[in-house]
Amino acid sequence: MKIEDIKNLLGAEVLCCEENTEREVFTACGCDLMSDVLAYVKDQAVLLTGLVNPQVVRTAEMMDMVCIVFVRSKSPTPEMIALAEDNGIVVMRTDKRLYEACGLLYSNGLCGNKVKA
């Protein structure tokens, strides 16, 4: 799925790096605890979150994520947007709640990482 498709599915507004919305992504995760993202998330390209602080962008950068979607119309600070721009990370905002946004993406073919037994 392209980031552009995510934008359209979620009715999202692109806040930075719109030139990268043609990138293809295969996985996503929804989480507000960045420690969980660091501990449990592998090979995720898109992070959906309601947490608005610079650690979100830093975590996405460390995990090689290419897109952050802020849910519930949350707005990142100008400093967060600048940091994402410096790293080529697409940042979007949607009015959807985390559960609904994740459900829409999952039901349209964007999956999370596999859980190992």
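Leaving aside its neighbours within four places in sequence, which residues is L48 in contact with? I will come to that in a moment, but let me say at the outset that what we have here is a predicted model, and that everything I describe was computed from its atoms.

To answer the opening question, L48 is in contact with L10, A28, C29, G30, C31, V69, L98, A101, C102 and L105, once the neighbours within four places are set aside. L48 also belongs to the largest nonpolar core, which has 41 residues, and together with I6, V46 and M92 it is among those that touch the most other members.

Stepping back to the fold, the chain comprises 5 helices and 5 strands, and if you follow the elements from the N terminus on, they run α-β-β-α-β-α-β-α-β-α. The C-alpha atoms fill a box of roughly 40 × 30 × 25 Å along the principal axes. The radius of gyration is 13 Å, which agrees with the value near 13 Å that a compact globule of 117 residues would have. Of those 117 residues, buried ones make up 44%, and, among contacts with a separation of 6 or more, 52% are between residues 24 or more positions apart. As for the surface, the chain exposes about 6,300 Å², with carbon and sulfur atoms supplying 51% of it.

Now to the cysteines, two of which we have just met as contacts of L48, namely C29 and C102 among them. How many disulfides does the structure hold? There are 0, and the distances for two of the cysteines show why. A disulfide here requires sulfur atoms within 2.5 Å, whereas the sulfur of C102 is 7.9 Å from the closest cysteine sulfur, that of C29, and is therefore too far for a bond. For C67 the closest cysteine sulfur is in C16, at 9.2 Å, so this pair is too far for a bond as well. With regard to their surroundings, C67 has 0% relative accessibility and counts as buried, while C102, at 27%, counts as partly exposed.

Finally, I would like to turn to R72, which lies in the loop between β4, residues 67–70, and α4, residues 78–86. Because its relative accessibility is 37%, R72 counts as partly exposed. Apart from neighbours within four places in sequence, R72 is in contact with G50, T94, D95, K96 and R97. The C-alpha atoms of R72 and G103 are separated by 14 Å, the two residues being 31 apart along the chain.

How values were computed
Residues numbered from 1 in each chain as written. Predicted model: local features only at pLDDT ≥ 70, side-chain atom pairs only at ≥ 80, totals over all residues. Heavy atoms only, no water. Buried < 20%, exposed > 50% of the residue type's maximum accessible area, 1.4 Å probe, protein only. Helix = DSSP H or I, 4+ residues; strand = E, 2+ residues; numbered from the N terminus. Contact = heavy atoms within 4.5 Å. Core = buried A, V, L, I, M, F, W, Y, C linked by side-chain atoms within 4.5 Å. Rg over C-alpha atoms; globule rule 2.2 N^0.38 Å. Areas by Shrake-Rupley, 256 points an atom, 1.4 Å probe, with all protein chains shown as cover.
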